[in-house]
Each structure stands twice: as structure tokens, then as C-alpha cells.
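Me: Please take a close look at a single part of this structure and explain it in a form suited to a first-year student. I should like one connected account.

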Amino acid sequence: MSVQPQMPRTWRTETKPHKFCPGCGHPLVLKALSWAIEELEIEEKVVFGCDIGCSLLAWDFFNLDSVQTHHGRTTPVITGIKRVRPDLVGVAYMGDGGGYAIGSQHLVNSAMRNEKVTVILVNNTQYGMTGGQMAPTTLPNQKTETTPYGRSVEETGLPTKGPEMVASISSEGSYVARGTVSNVRQLKKYIKRALEAQLNGNFSFIEALSLCPTNWRTNAEETWKFLEDQMSKYFTVGEFKTPAQKKEG
Ligand SMILES: Cc1ncc(C[n+]2csc(CCOP(=O)(O)OP(=O)(O)O)c2C)c(N)n1
Ligand code: SF4
């Protein structure tokens, strides 16, 4: 893998047309990531990995070295790259289906081993790319393609609370937070802190609450209402683990 030696400064100003549906939350998460990368001035060092699902539509979103894998395997692939090239900054980007269902073991293992990578998981409460099936994050009673009468907690259990779980199994120096696309500045701050934790030699994990109006079948007003009134109530936004403050003296 070659890292572009001199990233053109147009990286900061150039924009590309993206491939997401109108109103999708993915581009907002990616924008927050790009701001964090720019502020840390690490463009030349970042390797960006995207998963299968709508996250793969980000494969040429940035002028960054990129790789694409299947369900949650982005984490071990980025981990492998990072182990071979510790000078790089590895970002594994995925959906909730990829990270919490089909590839969940990779998230768990990388967190427990304190791999020096940053995982960003986009929670839109269902499988976006394949048409809106139930995901581990589908809310109780939420209607999806595979739960037309609403998700039954009795039959399928409770929605996964990823940051809470990762915070409980990760090492002391790691960083874990849940942000939301309804507060992109805060999301950028969390992603920046996550990248800093990696630069300090630790694992970091961000879940971003996101929008999928296509599969939710919502208009603009209903889309934001679902995020702010229902998702944000169930999935608490905030920091779940921050590196321990260095003791003075
Ligand atoms: C092993 C495997 N099972 C199923 C699929 C089909 N598949 C492709 S994308 C996808 C859904 C991805 O959903 P999510 O990870 O939530 O990402 P989103 O599209 O919502 O961003 C599925 C099930 C696959 N590619 N590989
Ligand atoms: S299907 Fe949903 S997650 Fe995928 S691009 Fe469209 S709005 Fe975004």
C-alpha cells in the first residue's frame, strides 16, 4: 500500500458529488470525520476502510487511501494494516448491521485487544443498502421490512447499545462515545478525540446516530423527529469512556 506522499492542498476545498440518497446521514458523519482529520493534519497518514452496506458508497468520498471489505471485516483489515504500518492512522467505517450483527466479533475482539484503530459505526436502526431489514439497533416496536408489525422485544431481544458494551470491555486508554448527525460539531469533537486516542496508542469507538429516510419512508420533518424524539431517547448521546487524566507530579 502506498500512502500519497504529498496530498494536494485542494483536499481542503475540493468537493465531489456523493452517491447517498437525498437526506441520508452518512455524508454528515463523513463530513465530521473529514473536519477531524483536517484539524489534526493527518491526511497523509489516514487509511480509510469501509464495509459492505451503504458505508461502501464512501469508498471514493475522500482523497485518502481506502479499502473496502465485507460485514464488519473492515475492523480486522484495518487492524492488520495498522500492525504492519504503525505509523498510519486506521479508520474502520461501517453500518450497524455490519458492526453489531454479522461482524460483531471483530468489534469485540479489537476492543478487548486494545488494537490501535478507530472504529466508526453508523446507526440508522436497520440494514440500509438491502432495503430496510431489522438490525440489532432496530427500536422496540419499530416497523421494518422484516418486522412489519413492529419489532417484538419478546421474540428478538433488546436493541444493542454498542458504546455501552464496548466501554465495558475496552482498556483504560481507549475512547468510546456516541454522537449524532443532529449535532455535527459535537460529532466532530468526539471523532477527533477518538483519533487522538489512537495516536496515543489505544483503541477508539464512535457510534453515530444517523438518518435513512429512504427505508424509514419518512419526509424531512418525520426523519429528524424520529432521530431526535425516538432514537436519541433510547441511545444516549455522550462520552462513555475517556482516557484517564495524567496525574500531575
Ligand atoms: C455475509 C453477508 N451477508 C449478507 C450480505 C448482504 N448485505 C449487504 S449490505 C447489507 C446490509 C448492511 O446494513 P448496515 O451494515 O446496517 O449498513 P447500512 O447499509 O445501513 O449503512 C447486507 C445484509 C452480505 N453482503 N454479506
Ligand atoms: S438507503 Fe438509507 S443509509 Fe443507504 S444511502 Fe439511502 S438513505 Fe443512506
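Reply: The model shown here is predicted. A suitable place to begin is the surroundings of ligand 2, which are formed by F20, C21, C24, H26, C54, N124, G128, C212, P213, T214 and N215. Helix α8, residues 213–216, gives the most to this shell, with 3 residues. Sorted by class, the shell contains 6 nonpolar and 5 polar residues, and no charged residues.

From the ligand we may turn to strand β7, which comprises residues 175–180. Of its 6 residues, 6 are buried, so the strand is largely enclosed by the rest of the structure. To follow this in detail, one may consider the two faces of a strand. In a regular strand the side chains alternate between the two faces of the sheet. In β7, one side carries Y175, A177 and G179, and the other carries V176, R178 and T180. These residues are all buried, and both faces of the strand are thus covered.

The partners of β7 come next. Strand β8, residues 204–209, runs parallel to β7 and is joined to it by 6 bridges. Strand β9, residues 238–241, pairs with β7 in the antiparallel sense, over 3 bridges. R178 illustrates both pairings: this residue stands opposite E207 in β8 and opposite G238 in β9. Helix α7, residues 184–199, completes a right-handed β-α-β unit with β7 and β8.

The same elements also appear in the nonpolar interior. The largest nonpolar core has 44 residues, and those with the most contacts inside it are L33, F48, I191, L195 and I206. At least two residues of this core are supplied by each of α1 (26–40), β1 (46–50), β3 (89–95), β4 (118–123), β7, α7, β8 and α9 (220–234). For F48, the contacts beyond four places in sequence are L30, L33, A58, F62, L64, D65, S66, V67, I78, V91 and Y93. There is also a second, separate core of 17 residues, which includes I78, I81, A92 and M94.

A final example is T79, a residue of helix α2, which spans residues 74–84. Its relative accessibility is 6%, and a residue under 20% is classed as buried, so T79 counts as buried. Leaving aside residues up to four places away in sequence, T79 touches R113, E115 and V117.

Definitions and conventions
Residues numbered from 1 in each chain as written. Chains lettered and ligands numbered in written order. Predicted model: local features only at pLDDT ≥ 70, side-chain atom pairs only at ≥ 80, totals over all residues. Heavy atoms only, no water. Buried < 20%, exposed > 50% of the residue type's maximum accessible area, 1.4 Å probe, protein only. Helix = DSSP H or I, 4+ residues; strand = E, 2+ residues; numbered from the N terminus. Pairing = 2+ DSSP bridges. Right-handed = clockwise from strand over helix to strand, strands pointing away. Near = heavy atom within 4 Å. Nonpolar A, V, L, I, M, F, W, Y, C, P; charged D, E, K, R; others polar. Core = buried A, V, L, I, M, F, W, Y, C linked by side-chain atoms within 4.5 Å. Contact = heavy atoms within 4.5 Å.
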